[in-house]
Amino acid sequence: MKHLTLGVSALALAASLIGSAAFAHDDEENVTLYRVFVGDHKAGKVTAFDLSKPENRWTFETKGQNKLYSVNEGAAIVSVQSDDDVVNFINSGISLHAHGDHSDIEISDPKAVEKPLTGPRPFHVIDHDGKIVVNFDKGGYNDIVDAHELSHGEIETTRLKQARAHHGFAAPVGNGWVTTVASDAPVEGGAAPTRVGLQAVKADGTPAGDVATCTGIHGEAFSGAFLAAGCKEGILTVTKSLEGPVTKLLPYPADLPKDQTTGTLLGAKSMQVFLGNYGAKGLVVVDPVDEPNFRYIELPFRRIDFALDPANARFGYVLTEDGSLHQIDVLDGTLSKSAKVTEPYSMDGHWNDPRPRIAMAGDDVVMTDPNAGLVRRISKTDLKEVGTIKVEGKPYNLAVAGGSGKVHEHGEEHDHDGHDHAHSQGDPKIYAGYFEDGQVKDRPLSDYAGDWQSVYPYLKDGTLDPVWEHKAEKGTASVDDIRKEYEVGYKTDVDRITIEDGVVTFYKNGKPSKASYAYDGKEILTYKKGNRGVRFIFKKADGDATAPQFIQFSDHGIAPNKAGHYHLYWGNDRAALLNEVTNWPTYYPSSMKAKQIVSEMKAH
Amino acid sequence: MKKMKFLLSSLTIAALCTTAMPSHAKDKKLAVVSSFSIIGDLAKAVGGDRIELRTLVGPNSDAHVYEPRPADALALARADVILVNGLLFEGFMDRLIEASESKAPITVLTDGAEILNDPKGGHYHYVDGKAIFHATPNDPHAWQSVGNAKVYVGNIAKAFCAADKDGCPIYEKNAAAYDEKLTGLAAEIKTAIDALPKERRVAVVAHNAFRYFERDYGVTFLAPQGVSTESEASAADVASLIREIREKKAAAVFSENISDARLVKQIASEAGLELGGALYSDALSPPEGPAASYLDMMRYNVKTLVEAIDRD
């Protein structure tokens with residue numbers, strides 16, 4: 001049956017829909033949830049709802065009209081209000097953590113991030129490599145937001161400066177950056193300068209290479225190893241190298257309609273290929289490596305909006321002004337299906353007039369229908385409408401967060417820290433490392449007061465062997481492998497610790513050294529598996545020179561509570577200690593007999 | 001569970017298709033897609049000139065971080081047989097097969113092989129000096145055991161026979177001949193490693209792709225991946241590796257053909273060891289290189305290990 005573990009089938013994953021954002025109650029339930037964020041055409045407002053249960057609904061006030069981007073694997077939504085010089089961020093409340101053969105999903109309510117970005121005319125947003133990059137068209141710079149900090153609700157930015165303000169973008173490529181470059185020719189009145197190409201720069205905008213010509217460069221996307229952007233001459237591709245970004249222009253071939261260009265590109269997720277517009281009535285499939293690099297798809301009417309299916313790279317979808325939705329076969333370069341899905345919306349008039357926008361949400365194409373005041377759900381397989389959701393005002397731009405994953409109620413198998421759960425009370429979800437930041441509270445040293453013994457000697461003399469056997473029966477690792485892991489984990493020469501009235505005494509090979517310690521805050525660590533743990537840190541105030549500067553407790557608890565056992569990390573470098581995850585000397589009360597410790601360990 | 005159903009049914013459909021169709025036309029070669037170079041070489045050994053082979057991830061390339069191209073999907077769409085390693089080695093593969101709408105049966109070559117459980121629940125790959133974590137419950141690098149390579153070859157012959165009945169005697173003959181070569185190879189490796197002093201049989205690599213080699217031939221490999229899966233190779237991991245290198249008196253540090261050598265160079269210099277050359281872990285060398293076939297790759301790795309360990 002090994003072939004069944006080949007991987008995740010997106011088709012199959014999308015099949016298990018549940019009704020709401022509630023946590024599943026089974027040990028490991030597969031949950032699929034898509035959350036749709038819709039910006040109004042006029043009002044400064046974002047409406048969010050769960051696709052499978054639209055009564056789960058939230059509204060966010062913004063300053064002006066929103067263009068929405070789903071970033072950081074859907075963990076956050078960026079609301080760009082170009083006319084109002086503001087960018088807001090919303091944590092989507094859905095985060096996915098991929099683990100090879102499956103993903104974990106964490107679900108909570110969406111929440112606006114308090115701090116906005118402000119600046120002259122924010123426009124393009126790039127989400128790549130843990131960085132969210134916003135171009136300020138009239139500011140002449142990009143603000144780079146750290147995606148990890150954003151996932152904690154913090155906005156931390158650095159700035160990449162451009163020589164001249166323009167409607168462009170900047171993007172990370174490998175260890176370097178690229179930015180679009182504007183012509184330095186003077187312009188009349190308020191007109192925007194023309195764009196001439198792309199240049200490798202350092203993270204602060206200092207030039208690091210020549211300008212690659214790409215006239216009118218616009219519409220950038222990432223796919224596979226490539227960044228691509230459209231220009232008058234063709235498509236400019238960029239790849240990373242040890243010497244910095246490498247550009248290559250793919251000129252439009254002669255068999256494409258003349259005097260038209262690509263100005264918008266989308267990058268496929270599971271295949272290295274781009275889908276771009278080409279003129280008002282066409283699309284191009286761009287293969288950055290293999291010939292033919294371009295395949296032109298002619299549309300029956302002018303194009304309103306198009307999208308690529310992140311789950312199946314074969315298909316894209318395009319809406320045309322007659323109100324038809326077409327499925328695009330990216331591999332064949334053809335339209336494979338078409339169906340009427342809304343009233344016509346003419347492409348005559350301003351680009352920002354209210355017209356539908358489309359996005360992918362699992363098995364559905366979701367489409368705003370501004371004139372009808374609806375979001376329509378259209379099956380991506382047969383292009384039939386499967387439902388509508390009323391949205392007040394004129395629903396316009398939209399973005400989708402979500403996906404499928406397992407919800408872990410009880411994370412035994414994820415407990416790679418080797419923790420033993422010697423606890424008599426509390427929330428199993430917290431012990432498994434799933435909790436909200438708000439649940440974490442400061443703790444006093446007295447939580448750890450007492451006389452403690454290291455369990456390492458019990459490992460050495462074989463007393464703990466029944467524990468490893470027990471773990472091996474429950475899991476997939478062998479007794480030997482488990483023992484080896486704990487051998488490294490428990491290893492210490494501090495065989496006893498006493499903690500009393502703020503004074504900690506370490507008995508290293510029986511020899512005491514002691515110091516008083518004061519609370520120095522807590523650190524929430526996110527582990528690879530997506531679960532988290534809290535270190536409660538104390539700093540040496542006074543005492544023996546041999547006593548460590550910092551001690552960090554980890555005992556599965558996140559708020560004041562007497563510890564039943566704990567893992568202790570110590571050293572003189574607070575930050576470096578936080579990276580220590582393989583060696584976690586573990587202490588149980590000295591009063592406990594070896595047999596009691598064994599049964600305690602086996603019970604958890 | 002849904003995943004299983006999907007793959008099962010696609011396999012069943014594929015099986016039905018191949019049995020329902022007349023056996024393979026004589027003038028057309030069997031279209032075989034292999035996921036990466038090592039499997040490709042084994043397929044060539046079994047298929048000879050009866051097959052037309054396309055290998056997706058080529059020499060010196062890391063399948064873990066491969067970016068599949070539209071041409072790959074088109075090749076899959078035209079394939080009669082698809083050969084993969086499995087055990088989540090080819091992360092890109094299932095989505096690519098889905099996009100290709102291929103009806104060909106997917107043969108997982110590690111089926112029936114002696115699989116090592118991965119106590120760490122995953123391993124790291126180093127790309128541009130950055131650690132990329134791959135969570136897998138089992139160690140996918142099964143081909144580093146010659147015994148397992150025999151299982152691969154058997155599975156390939158079975159897959160070819162199912163898709164091309166007329167050619168079956170030839171495939172079986174080729175597989176048997178190659179199996180003999182593998183028997184010889186295994187004996188060669190054993191002799192070469194057994195000749196090394198026991199306490200010297202400890203080597204350091206960047207990503208632990210050699211646990212099967214360790215199991216079968218008794219060379220211990222250390223890698224800068226901690227026992228925990230919870231963080232990327234941090235300074236602490238590297239520090240604990242250096243400790244381990246000293247404790248176990250590792251004899252040499254090796255880079256790998258699929259990744260850049262910066263991290264292992266740093267480890268070598270911190271541990272006061274020399275770089276013993278590059279081992280071929282997850283890909284063959286190009287044709288002009290020293291490890292262009294599976295047999296050459298295994299021999300080259302053994303030679304590199306023995307020379308570095310025997311150096312002083």
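**Figure 1. Helices α5(B) and α6(B) are roughly antiparallel to each other in the predicted model, because angles over 145 degrees fall in that class.** The angle between α5(B) and helix α6 (residues 168–194) of chain B is about 175 degrees, and their axes are 9 Å apart. On the α5(B) side the contact is made by B:Val146, B:Gly147, B:Ala149, B:Lys150, B:Val153, B:Gly154, B:Ala157, B:Phe160 and B:Cys161. On the α6(B) side it is made by B:Cys168, B:Tyr171, B:Glu172, B:Ala175, B:Tyr178, B:Asp179, B:Leu182, B:Leu185, B:Ala186 and B:Ile189. By class, the residues of this contact are 14 nonpolar, two polar and three charged.

**Figure 2. Helices α2(B) and α5(B) are oblique to each other.** The axes of α2 (residues 37–47) and α5 (residues 146–163), both of chain B, come within 10 Å and cross at roughly 55 degrees. The crossing of α2(B) and α5(B) is right-handed. From α2(B), the residues B:Leu42, B:Ala43, B:Val46 and B:Gly47 take part in the contact. They meet B:Ala149, B:Tyr152, B:Val153, B:Ile156, B:Ala157 and B:Phe160 of α5(B). Nine nonpolar residues, one polar residue and no charged residues make up the contact of α2(B) with α5(B).

**Figure 3. Strands β1(B) and β2(B) run parallel.** Strand β1 (residues 30–36) of chain B is joined to strand β2 (residues 51–57) of chain B by six bridges. B:Phe36 is placed opposite B:Val57 in β2(B). Between the two strands the chain passes through α2(B), and the resulting β-α-β crossover is right-handed.

**Figure 4. Helices α3(B) and α4(B) are roughly perpendicular to each other, because angles from 65 to 115 degrees fall in that class.** Helix α3 (residues 70–78) and helix α4 (residues 93–100) of chain B pack at about 65 degrees, and 8 Å separates their axes. The crossing of α3(B) and α4(B) is right-handed. In α3(B), B:Asp72, B:Ala73, B:Leu76 and B:Ala77 form the contact, and in α4(B) they meet B:Leu96, B:Ile97, B:Ala99 and B:Ser100. Six residues of the contact of α3(B) with α4(B) are nonpolar, one is polar and one is charged.

**Figure 5. Strands β11, β12, β13 and β14 of chain A form an open, antiparallel sheet.** The four strands follow the order β11-β12-β13-β14. At the edges are β11 (122–128) and β14 (157–161), each of which pairs on one side only. From one strand to the next, the twist averages 20 degrees. Strand β13 (residues 141–146) of chain A and β14(A) run antiparallel and are joined by five bridges. A:Asp143 is set opposite A:Arg159 in β14(A).

**Figure 6. A second view of chain A shows the open, antiparallel sheet of β15, β16, β17 and β18.** The order of its four strands is β15-β16-β17-β18. Its edge strands, each with pairing on one side only, are β15 (170–173) and β18 (207–213). The twist has an average of 25 degrees between one strand and the next. Within the sheet, strand β16 (residues 176–182) and strand β17 (residues 195–201) of chain A are antiparallel and share six bridges. A:Val181 has A:Gly197 in β17(A) as its bridge partner.

**Figure 7. Strand β39(A) pairs with β38(A) and with β40(A).** Six bridges link β38(A) to strand β39 (residues 511–526) of chain A in the antiparallel sense. Here A:Val504 is found opposite A:Ala515 in β39(A). The hairpin of β38(A) and β39(A) has two residues between the strands, and A:Asn509 in this hairpin takes a positive phi near 50 degrees. Strand β40 (residues 532–543) of chain A runs antiparallel to β39(A), with 10 bridges joining the two. The bridge partner of A:Tyr517 in β40(A) is A:Lys540.

**Figure 8. Two loops of chain A hold a cis peptide bond and a non-glycine residue with positive phi.** The bond from A:Glu291 to A:Pro292 is cis, and its omega is near -5 degrees. A:Pro292 belongs to the loop between β25 (282–286) and β26 (294–298) of chain A. A:Asp501 is not a glycine, yet its phi is positive at about 50 degrees. The loop that holds A:Asp501 lies between β37 (494–500) and β38 (503–508) of chain A.

Conventions. Residues numbered from 1 in each chain as written. Chains lettered and ligands numbered in written order. Predicted model: local features only at pLDDT ≥ 70, side-chain atom pairs only at ≥ 80, totals over all residues. Axes fitted to C-alpha atoms, helices over the stretch in contact; angles between N-to-C directions. Parallel < 35°, antiparallel > 145°, perpendicular 65-115°, else oblique. Left-handed = near helix turned anticlockwise from the far one by under 90°. Contact = placed C-beta atoms within 7 Å. Nonpolar A, V, L, I, M, F, W, Y, C, P; charged D, E, K, R; others polar. Pairing = 2+ DSSP bridges. Right-handed = clockwise from strand over helix to strand, strands pointing away.
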